[in-house]
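Biologist: I am new to this structure and would like a close look at a single part of it. Could you take me through the cysteines, and then add a few words on other places that are worth reading alongside them?

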Amino acid sequence: MTYDLIVIGAGPGGFDAAVEAAGLGLSVALIEKDFLGGTCLNRGCIPTKLWLGATSAVEELHNQARMKVASGEVTVNFAALQSRVQKHLAGTRKAMGMQLKKLGVELVEGTGRLAGDHQVAVASADGEKTLAYKKLVVATGSRPIFFPGLEPDGDCVLDSDMFLSLESMPESLIVVGAGFIGLEMAQVAHRFGCKVTVVDAMDRVAPLEDPEVSQALAGVFKRWKWDIRLNERVAGVVTRDGRALLTLNSGEHIVADKALVAVGRGPVTKGIGLEEAGVELLFNQIQVDEHLLAAPDIYAIGDANGHIQLAHAASHQAHYVALHAAGKIEAPYVVGPVPSVLYGSPEAMRVGLMENEAFLADFETTEVSVAQLAANPMAQAHAATQGFVKIIWSGGKVVGVTAVGHDVSRLVTPAAMIVHQGWTLDDIHSVIFPHPSLDEALLMALKAERKQVQ
Ligand code: FAD
């Protein structure tokens with residue numbers, strides 16, 4: 001049989017592509033070498049949020065204790081949490097498997113490799129079989145990458161996959177890389193009472209965010225007594241005498257129970273016959289055209305094409321390729337503003353342009369308006385008033401929203417809609433913002449006095 005569509009990789013991109021294509025009436029096979037759900041479900045978005053959710057009461061209590069209205073201790077049992085995470089993941093994978101069955105998607109377990117004209121070979125413990133396709137989606141995702149000297153050893157030097165598999169939380173942790181993965185995990189470790197050191201070669205934490213967001217985050221982390229080392233290059237990190245020993249280029253040593261290396265992720269695109277099939281790789285990222293096609297009849301989506309390493313971006317691309325493969329759409333793929341969130345407490349969120357990207361808009365007409373969370377009743381109620389919401393305007397329209405502070409992730413969807421619709425000042429009163437709510441900080445920022453970007 002020749003499948004209408006074969007998908008390699010069952011992360012958010014591949015799974016959604018398979019499900020949507022089957023829903024459109026295509027015959028679909030989904031090849032996965034590991035677990036349904038990919039990085040996001042098994043080693044990424046979901047376990048980290050289960051960790052953050054289970055420990056959020058620690059931070060809430062801490063904030064109220066600072067106001068002297070609460071005291072005591074919240075104890076989170078790490079072993080129980082890990083067992084709950086595993087049960088949750090297994091339950092979700094089971095539900096996903098049932099959904100595939102219901103839709104008639106054939107799940108093929110094994111490692112897929114392009115093997116000649118419109119054919120994929122799947123290798124598993126049972127041997128190898130070949131499947132034929134009309135269209136193929138490559139959604140093989142990404143994995144952690146390392147610089148020389150920073151390779152994890154699985155003992156005291158860990159990558160994010162290994163860190164999520166820990167049986168107990170260390171008492172001290174060095175996090176190499178102050179991006180969203182490192183900072184989310186560091187926040188969880190902190191809530192377990194772990195002493196945290198963060199090292200980054202850049203001059204600020206969360207270097208992809210607005211510099212004022214980085215500053216606000218660092219302010220809170222320093223109040224928590226994290227040791228934050230910026231502008232520091234790491235010469236190497238190894239396990240020595242049962243502990244992690246990190247050496248800076250300056251020669252200084254830092255020792256902790258564990259080190260988490262979170263310096264980035266790279267696409268999984270090598271050794272699966274892509275180049276032989278005429279697919280171009282640049283820095284291992286699959287190059288795609290405006291229809292997300294990497295070669296005739298071969299789409300590439302999600303982390304594998306390196307556009308944006310976020311689960312919802314992969315799912316959005318999946319939706320498009322399912323429609324395109326089914327002949328329901330011919331127009332090129334268009335992506336609106338992609339929201340991104342750094343979770344925890346504080347959180348950071350952004351959608352559209354940031355102030356330091358104003359040069360990408362019409363610089364002459366770019367303005368900024370800001371509201372501080374200190375004036376927001378819900379931030380006050382949660383005793384977490386550090387942070388702000390910032391609006392970027394260009395030509396009188398909203399082109400970006402950035403926020404940092406407690407719970408600001410809840411602003412991200414309205415912010416995405418506002419940016420997508422390009423609100424003007426007149427549109428602000430077209431929607432009623434409830435009172436009291438954190439959303440009012442968004443409203444205040446929209447209404448605040450605007451200043452020209454410097
Ligand atoms: P993946 O999820 O990586 O899935 C790819 C799948 O392909 C895997 O299951 C793999 O086993 C399979 N595969 C690879 N090669 C083959 C082959 N040859 N044959 C068969 N199968 C193969 N994103 C967010 O949006 N929000 C978050 O909060 C968030 N948190 C994260 C936290 C962490 C710690 C990490 C590591 C990532 C996080 N991400 C988050 C990123 C998110 O997980 C990825 O962007 C998303 O999983 C990408 O989806 P994908 O489908 O492209 O690939």
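Modeller: What follows looks at the cysteines, then at one aspartate, and then at one helix. Please keep in mind throughout that this is a predicted model.

The structure holds one disulfide, and the two residues that it joins are C40 and C45, with 2.4 Å from sulfur to sulfur. A disulfide is a covalent bond between the sulfur atoms of two cysteines. The angle about the S-S bond is -130°, and the link of C40 and C45 is left-handed. The two partners fall into separate classes of accessibility: C40 counts as buried, because its relative accessibility of 14% is under the 20% limit, whereas C45, with a relative accessible area of 27%, is partly exposed. C156, by contrast, is in no disulfide, and the nearest cysteine sulfur, which belongs to C194, is 13 Å away. Seen from the other end, the closest cysteine sulfur to that of C194 is in C156, and the 13 Å between them is too far for a bond. Both of these cysteines lie inside the protein, since C156 is buried with a relative accessible area of 2% and C194 is buried with 4%.

Turning to the aspartate, D210 sits in the loop that runs between strand 10 (195-199) and helix 7 (211-223). D210 is buried, with a relative accessible area of 1%, and its side chain makes a polar contact of 2.8 Å with the side chain of K390. Leaving aside residues up to four places away in sequence, D210 touches R204, M354, E355, K390 and T402.

The helix to consider last is helix 10, residues 412-421, in which V412, A415, A416, I418 and V419 are buried. These residues are on the same side of helix 10, because they cover an arc of only 165° around the axis. An α-helix has 3.6 residues a turn, so residues three or four places apart point the same way. On the face of helix 10 turned away from that buried side are the exposed residues H420 and Q421. The cover over the buried residues of helix 10 includes two strands, strand 21 (340-342) and strand 22 (347-352), together with strand 25 (397-405) and helix 11 (439-447). Just after helix 10 comes G422, which takes a positive phi of about 60°.

Terms used:
Residues numbered from 1 in each chain as written. Predicted model: local features only at pLDDT ≥ 70, side-chain atom pairs only at ≥ 80, totals over all residues. Heavy atoms only, no water. Disulfide = S-S within 2.5 Å. Buried < 20%, exposed > 50% of the residue type's maximum accessible area, 1.4 Å probe, protein only. Helix = DSSP H or I, 4+ residues; strand = E, 2+ residues; numbered from the N terminus. Polar contact = N/O pair within 3.5 Å; in protein donor to acceptor, adjacent residues only side chain to side chain. Contact = heavy atoms within 4.5 Å. Arc of directions from axis to C-beta.
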